[in-house]
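Work through the exercises below with the sequence and the model open. Each task is followed by a solution in steps.

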Amino acid sequence: MTLTRHYWWINAIVSQIGWFVCVLLGNVPGVAFTFLFVVLHFRFAPVHPRDWLAICVALPMGVAHDNLLGYFGVLDYSAVSASGLAPAWLTSLWVIMALTLHHPLKSLYERPWLIGLVGAVGGPMAYLGGVRLSGVEWGMSVTHGFLIMMAIWCWLLPLHRWLVLRGERLCGKP
């Protein structure tokens, strides 16, 4: 079997390792790991042109999402960021996530209602674990923060998918 046939598993495992590197080790290791993941992804993966678009959509979406969570007091980044803005390792996780959407998560991502359901549970769970393992803190009760994130994440991944598909149409791809 070739690397292409194994890439689904490789991507799934490496993205989980990346989550832990970012959350546990912080900005420099997290950004470095993410950079290496992107380089290796585009070198060895059965690359779909949509992967670049997925990153280009996920980055501003993630920066806006995480900083708005801080602005509205859902999360508190003051212990990990002198500026109070979302740390770079958190933004790196959006890049890693974008590269899993067309590989291990492809069968879910192609069904907006299903990826919305997965997002409503998986997104808040990732933040719950991330807050517990990093210096980020909840700015409100965990229950309220979790429910707010569920409300956001149930439409966040379907929105990402819609924007990527829209971007493909605008660029002349079917």
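## Exercise 1: Histidine 41

Histidine 41 sits in helix α2 (residues 27-44). Helices here are DSSP runs of H or I with at least four residues, numbered from the N terminus. The model is predicted: local features need pLDDT of at least 70, side-chain atom pairs count only at pLDDT 80 or more, and totals for chains, interfaces and linings use all residues. Residues are numbered from 1 along each chain as its sequence is written, and side-chain values use heavy atoms, with hydrogens and water left out.

Task: decide whether histidine 41 is buried or exposed, and list what it touches.

Step 1. The relative accessible area of histidine 41 is 0%. Buried means under 20% relative accessible area, exposed over 50%, and partly exposed in between, with a 1.4 Å probe and protein chains only. Histidine 41 is therefore buried.

Step 2. Contact means heavy atoms within 4.5 Å. Not counting residues up to four places away in sequence, histidine 41 touches Tyr7, Asn11, Val47, Asp51, Leu99 and His103.

## Exercise 2: Helix α3 and its crossings

Task: describe how α3 crosses α4 and how α3 crosses α7.

Step 1. Axes are lines fitted to C-alpha atoms, for helices over the stretch in contact, and angles run from 0 to 180 degrees between N-to-C directions. Helix α3 (residues 50-71) and α4 have axes that come within 8 Å and cross at roughly 145°. From α3, residues including Ala54, Ala58, Met61 and His65 meet Leu90, Thr91, Trp94, Val95 and Ala98 in α4. By class, this contact of α3 with α4 has 10 nonpolar, three polar and one charged residues. The classes are: Ala, Val, Leu, Ile, Met, Phe, Trp, Tyr, Cys and Pro nonpolar; Asp, Glu, Lys and Arg charged; the others, Gly among them, polar.

Step 2. The axes of α3 and α7 come within 9 Å, crossing at roughly 150°. The contact of α3 with α7 has 14 nonpolar, three polar and two charged residues.

## Exercise 3: Histidine 65

Task: place histidine 65 and find its contacts.

Step 1. Histidine 65 belongs to helix α3. Its relative accessible area is 7%, so histidine 65 is buried.

Step 2. Leaving aside neighbours within four places in sequence, histidine 65 is in contact with Trp94, Tyr127, Ile152, Trp153 and Leu156.

Step 3. Threonine 91 is 26 residues from histidine 65 along the chain, and their C-alpha atoms are separated by 9.8 Å.

## Exercise 4: Methionine 97 and the largest pocket

Task: describe methionine 97 and the lining of the largest pocket.

Step 1. Methionine 97 lies in helix α4 and is buried, with a relative accessible area of 15%. Methionine 97 touches Trp153 and Leu157, not counting residues up to four places away in sequence.

Step 2. On a 1 Å grid over the protein atoms alone, a pocket is an open set of points where a 1.4 Å probe fits, with protein on both sides within 12 Å along at least five of seven lines; lining residues have an atom within 4 Å of a point. The largest pocket holds about 620 Å³ of space. Of its 29 lining residues, the closest to the centre are Gln16, Trp19, Met97, Gly122 and Ala126.

Step 3. The largest share of the lining, nine residues, comes from α6. The lining divides into 21 nonpolar, eight polar and no charged residues.

Note on methods:
Points joined across faces, edges and corners; volume = space filled by probe spheres on them. Helix = DSSP H or I, 4+ residues; strand = E, 2+ residues; numbered from the N terminus.
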